[in-house]
Amino acid sequence: MNPTYLIPVAATGPAAVRTEPVPVPVPAAVRFRAACPGCRGRFELAAGALRLAIGATSRTTFYTFTCPECAAAVRKPAGERIIELLTGGGVRTLRLHAAP
């Protein structure tokens, strides 16, 4: 079977040029399983409860959330697969830039 490629159709007028990314709709029911290393609680979080920070290295790429059971701030490393799942699920992302 041949792959299908989606190519944007050129439009005319002022709306023809889009420089910003097109948002992808994500269902509100997207939930992520997480665990707190402090109280060892396991729970599910909505995308709005998580934040993803993408840095230049694996040490500066992480996701954060607040534990709903003990209210501790939790920071965990995020590998490529975690980044893909979180961004695809609608988690807010912050790109960290190195200072010149």
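These are my notebook entries on the fold, the nonpolar core, the salt bridges and one pocket of a predicted model.

**Entry 1, overall layout**

I began with the secondary structure, and I find 1 helix and 6 strands in the protein. Following the chain, I read the order of these elements as β-β-β-β-β-α-β. I then looked up burial, and of the 100 residues of the protein 24% count as buried. For the contacts between residues at least 6 apart in sequence, I note that 44% join residues at least 24 apart.

**Entry 2, the largest nonpolar core**

Which residues of the largest nonpolar core touch the most other members? I find that the core has 17 residues, and that those touching the most other members are Phe43, Leu50, Leu52, Tyr63, Phe65, Leu86 and Val91. Looking at where the members of this core come from, I see that at least two residues each are supplied by S1, S2, strand S3 (51-54), strand S4 (62-66) and H1. I picked two of the listed residues, Phe43 and Tyr63, for a further look.

**Entry 3, Phe43**

I located Phe43 in strand S2, which covers residues 42-46. Is Phe43 buried or exposed? Its relative accessibility is 12%, and because buried means under 20%, I enter Phe43 as buried. Setting aside residues up to four places away in sequence, I list its contacts as Phe32, Arg33, Ala34, Ala35 and Cys36, together with Phe65, Cys67, Pro68 and Glu69. For one of these partners, Cys67, I also looked up the backbone separation: the C-alpha atoms of Phe43 and Cys67 are 8.7 Å apart in space, while the two residues are 24 apart in sequence.

**Entry 4, Tyr63**

I place Tyr63 in strand S4, and its relative accessible area of 15% puts Tyr63 among the buried residues. Apart from neighbours within four places in sequence, I find Tyr63 in contact with Leu50, Arg51 and Leu52, with Val74, Arg75, Lys76, Pro77 and Ala78, and with Ile82 and Leu86. I also checked the spacing of Tyr63 and Ile83, which are 20 residues apart along the chain and whose C-alpha atoms are separated by 8.7 Å.

**Entry 5, salt bridges**

How many salt bridges does the structure hold? I count 3, and I took them one by one.

In the pair of Glu44 and Arg31, the closest N and O atoms are 3.9 Å apart. This pair links distant parts of the chain, with Glu44 in strand S2 and Arg31 in strand S1, 13 residues apart. I record Glu44 as partly exposed at a relative accessible area of 43%, and Arg31 as partly exposed at 46%.

The side chain of Glu44 also meets that of Arg33 in a salt bridge, at 3.9 Å from N to O. Arg33 lies in strand S1 and Glu44 in strand S2, so this pair ties together parts that are 11 residues apart in sequence. Arg33 has a relative accessibility of 77% and counts as exposed. I therefore note that the cut-off for exposed, over 50%, is passed by Arg33 at 77%, whereas Glu44 at 43% is entered as partly exposed. Taken together, Arg31, Arg33 and Glu44 are linked in a network of salt bridges.

The remaining pair is Arg81 with Glu84, whose closest N and O atoms are 3.0 Å apart. I find both Arg81 and Glu84 in helix H1, 3 residues apart, which is about one turn of the helix.

**Entry 6, the second largest pocket**

I turned last to the second largest pocket, which holds about 160 Å³ of space. Its lining is made by Phe32, Arg33, Ala34 and Ala35, by Arg42, Leu50, Tyr63 and Lys76, and by Ile82, Leu85 and Leu86. The elements giving two or more residues to this lining are strand S1 (31-35) and helix H1 (80-88). Which element gives the most to the lining? I find that S1 does, with 4 residues. By residue class, I divide the lining into 8 nonpolar and 3 charged residues, with no polar ones.

Cross-checking against the earlier entries, I note that the lining includes Leu50, Tyr63 and Leu86, which are also listed among the core residues that touch the most other members. Arg33 is another of the lining residues, and Arg33 also takes part in the salt-bridge network with Arg31 and Glu44.

Conventions
Residues numbered from 1 in each chain as written. Predicted model: local features only at pLDDT ≥ 70, side-chain atom pairs only at ≥ 80, totals over all residues. Heavy atoms only, no water. 1 Å grid on protein atoms, 1.4 Å probe; cavity = no way out; pocket = protein on both sides within 12 Å on 5 of 7 lines; lining within 4 Å. Points joined across faces, edges and corners; volume = space filled by probe spheres on them. Nonpolar A, V, L, I, M, F, W, Y, C, P; charged D, E, K, R; others polar. Buried < 20%, exposed > 50% of the residue type's maximum accessible area, 1.4 Å probe, protein only. Contact = heavy atoms within 4.5 Å. Salt bridge = Lys/Arg side-chain N within 4 Å of Asp/Glu carboxyl O. Core = buried A, V, L, I, M, F, W, Y, C linked by side-chain atoms within 4.5 Å.
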